[in-house]
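The following questions and answers examine a single protein chain. Please consult the sequence and the structure alongside them.

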Amino acid sequence: MFNKQGICWVNEGGKYNKDNNEVTKGKFGIINESGRVTLPVEYEDVGNFPLSQDILSDKTKSVSGFPHTPNDVKMAMEPKGHQNMMPMPESNLNYIYFTDKKSQGLADIRGNIIIPLTKEQAILPPTDKMLRLANIEKKKVLKAYYDLDTEVTVRIPDSETGIYGVFNHNLAIVTEKDGSISLIDKKGQKVIKGITKVFDSSEGYRVVRRKNMFGAIDSTGTIIIPIEYTNMLTQVSNGRLGAQKGKDWFFVDTKGNIVYEKYDRIGNYHNGYAAVCRNKQWGTIDLSNNIVVPLEWQGVAPVIDPQL
């Protein structure tokens, strides 16, 4: 059966296990809907990158995106069973990995080889169109990213001691040996260092904390809101970010400008409206700071549908 990409795995000489409906061993390849063999039937395993792997959530903790040991790399390359008479998983990336003799390579769904079979190299699922490559060399794990857009390999120097994560919105987190956080761009350059915590990306921006002060960066790692605020809401919404200095809360735009007057408490914008509080009375403002719900309530809910 063909998936929405129009491809299907095929097998010769394999073994079928009726208990789990899996086909293993033998040789695998890929054909398309016209019946053309796009990847020869000569590999121990073939597969794509399922949506569940393509859209991994933003990694904001010290989680490694790479295998730690040579044995981990070997396990990542182990051939997998394929469900008989079932289509390959859906994917939003038109690439296929292929495995043979403890080596892996990468091709597009038309069969063009992107990365040739490389001995003892595992190809790990991409995030933000950045593959991760882990290669065993002299009993060490060498790490690299592969940019699917530019087809450029970005190697992590063996001298690096930090824990390298996955990419999200053009940046990847590196947890340094001293516990601080750096962020690298798709060229492998550390664009910001000395961060204590990085929050989830929203609208292409991230709130960051350095020691006890908050600010925000864009998808290049450039500081767009100075790291000088005592607290912040952790998501940019409708181009606005809630920030606090002292006891006062206000909204800041993505150029770092304070755009609205001070409040005692505020909430994130939803569909162009935000809850605000002054003197323990809540109301709602729009993006122009016009009061649309008077500040006279004990609480207000986010605006889900402004047409209601």
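## Loops, strands and side-chain contacts

Lys138 belongs to the loop that joins strand 12 (130–137) to strand 13 (140–147). The model is predicted.

Q: Is Lys138 buried or exposed?
A: Lys138 lies in the loop between strand 12 and strand 13, and its phi is positive, about 55°, although the residue is not a glycine. The threshold for exposure is over 50% relative accessible area. Because its relative accessibility is 77%, Lys138 counts as exposed.

Q: Is Asn289 buried or exposed?
A: Asn289 is found in the loop between strand 28 (281–286) and strand 29 (291–297). The phi of Asn289 is near 70°, a positive value in a residue other than glycine. A residue is buried under 20% relative accessible area. With a relative accessible area of 17%, Asn289 is therefore buried.

Q: Which residue has its backbone oxygen reached by the side chain of Lys186 at 2.9 Å?
A: Lys186 sits in the loop between strand 17 (181–184) and strand 18 (190–195), and because its relative accessibility is 18%, the residue counts as buried. Beyond four places in sequence, Lys186 touches Asp128, Met130, Asp147, Val154, Phe167 and Asn170. The backbone oxygen reached by the Lys186 side chain at 2.9 Å is that of Asp128.

Q: Which residues form one aromatic cluster with Phe66?
A: Rings pair if their centres lie within 6.5 Å. By this rule the count comes to 8 aromatic pairs. One aromatic cluster joins Phe66 with Tyr145 and Phe167.

Q: At what distance from the ring centre does Lys245 lie over the face of Tyr229?
A: A lysine counts as sitting over a ring if its NZ is within 6 Å of the ring centre and within 35 degrees of the ring normal. Lys245 lies over the face of Tyr229, and its distance from the ring centre is 5.1 Å.

Q: What separates the C-alpha atoms of Lys101 and Tyr43, which are 58 residues apart along the chain?
A: Lys101 is in the loop between strand 8 (95–100) and strand 9 (103–108). Lys101 counts as exposed because its relative accessibility is 64%. Although their positions lie 58 residues apart along the chain, the C-alpha atoms of Lys101 and Tyr43 are separated by 8.5 Å.

Q: Which are the edge strands of the open sheet with the order 1-4-5?
A: This open sheet is formed by 3 strands with antiparallel pairing. Its edge strands each pair on one side only, and they are strand 1 (7–12) and strand 5 (37–43).

Q: What is the average twist from one strand to the next in this sheet?
A: The sheet has the order 1-4-5. From one strand to the next, the twist averages 20°.

Q: Which residue of strand 5 is the bridge partner of Ile31?
A: Strand 4 (residues 27–32) runs antiparallel to strand 5, and 3 bridges join them. In strand 5, the bridge partner of Ile31 is Val37.

Q: Which residue takes a positive phi in the hairpin of strand 9 and strand 10?
A: Strand 9 pairs with strand 10 (residues 113–119) in the antiparallel sense over 4 bridges, and Ser103 has Lys119 of strand 10 as its bridge partner. The hairpin has 4 residues between the strands, and the one with a positive phi, near 100°, is Gly111.

Q: Which residues have backbone nitrogens that lie 2.9 Å from the side chain of Asp108?
A: Asp108 is placed in strand 9 and is buried because its relative accessible area is 10%. Leaving aside neighbours within four places in sequence, Asp108 is in contact with Asn94, Tyr95 and Ile114. A polar atom of the Asp108 side chain lies 2.9 Å from the backbone nitrogen of Arg110, and the side chain also reaches, at 2.9 Å, the backbone nitrogen of Asn112.

Q: What separates the C-alpha atoms of Gly65 and Tyr164?
A: Gly65 is in the loop between helix 1 (51–54) and helix 2 (70–76), and counts as buried because its relative accessibility is 7%. Not counting residues up to four places away in sequence, Gly65 touches Leu124, Arg132, Tyr164, Gly165 and Val166. Gly65 and Tyr164 are 99 residues apart along the chain, and the separation of their C-alpha atoms is 6.0 Å.

Terms used
Residues numbered from 1 in each chain as written. Predicted model: local features only at pLDDT ≥ 70, side-chain atom pairs only at ≥ 80, totals over all residues. Heavy atoms only, no water. Phe/Tyr/Trp six-rings, centres within 6.5 Å; stacked < 30°, edge-to-face > 60°. Helix = DSSP H or I, 4+ residues; strand = E, 2+ residues; numbered from the N terminus. Buried < 20%, exposed > 50% of the residue type's maximum accessible area, 1.4 Å probe, protein only. Polar contact = N/O pair within 3.5 Å; in protein donor to acceptor, adjacent residues only side chain to side chain. Contact = heavy atoms within 4.5 Å. Pairing = 2+ DSSP bridges. Axes fitted to C-alpha atoms, helices over the stretch in contact; angles between N-to-C directions.
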